[in-house]
Amino acid sequence: MAALAWLIIPLVAGLLASVWAGWAARPPRSITDPSSLAEHERFRAAMERSTGNGGTGGK
């Protein structure tokens with residue numbers, strides 16, 4: 001039974017490594033997604049409103 005435990009440990013580690021490698025190698029999210037661009041524009045507009053300087057960098 002102890003030998004079985006010693007065989008399961010590397011098997012589980014290999015399985016976890018495979019899952020992690022698959023997750024790490026996934027393609028990046030598209031940066032040209034229109035909803036993403038619209039979300040960024042809303043964020044930028046909100047940041048400009050919150051600073052009150054109109055995006056002039058504090059000058």
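These are my notebook entries on what I looked up in this structure.

**Overall.** I'm working from a predicted model. I began with the secondary structure and found two helices and zero strands in the protein chain. Then I checked burial: of the 59 residues, 0% are buried. The chain has an accessible surface of about 5,500 Å², and carbon and sulfur atoms account for 70% of that.

**Helix α1.** I looked up its length next. α1 has 23 residues and runs 33 Å from first C-alpha to last, close to the 33 Å expected at 1.5 Å a residue. I also asked how much of α1 is covered, and the helix is hardly covered, with zero buried residues.

**Nonpolar patch.** I went looking for greasy surface and found a nonpolar patch made of Met 1, Leu 4, Ile 8, Val 12 and Leu 16. Together these residues offer about 550 Å² of accessible area. I picked out Leu 16, which sits in α1 (residues 2-24). Leu 16 counts as exposed because its relative accessible area is 57%, and the cut-off for exposed is over 50%.

**Salt bridges in α2.** My count came to two salt bridges. In one, Arg 44 pairs with Glu 41, with the closest N and O atoms 3.1 Å apart. Both residues lie in α2 (residues 34-51), three residues apart, or about one turn of the helix. In the other, Glu 48 pairs with Arg 44 at 3.0 Å between the closest N and O atoms. Glu 48 and Arg 44 are four residues apart in α2, so about one helical turn separates them. I noted that Glu 41, Arg 44 and Glu 48 are thus linked in a salt-bridge network.

**Exposure of the network.** I looked up accessibility for each member. Arg 44 is partly exposed at 38%, Glu 41 is partly exposed at 42%, and Glu 48 is partly exposed at 31%.

Note on methods
Residues numbered from 1 in each chain as written. Predicted model: local features only at pLDDT ≥ 70, side-chain atom pairs only at ≥ 80, totals over all residues. Heavy atoms only, no water. Patch = residues over 30% accessible without salt bridge, like charges linked within 9 Å, V, L, I, M, F, W, Y side chains within 5 Å. Areas by Shrake-Rupley, 256 points an atom, 1.4 Å probe, with all protein chains shown as cover. Salt bridge = Lys/Arg side-chain N within 4 Å of Asp/Glu carboxyl O. Buried < 20%, exposed > 50% of the residue type's maximum accessible area, 1.4 Å probe, protein only. Expected span 1.5 Å × (residues − 1).
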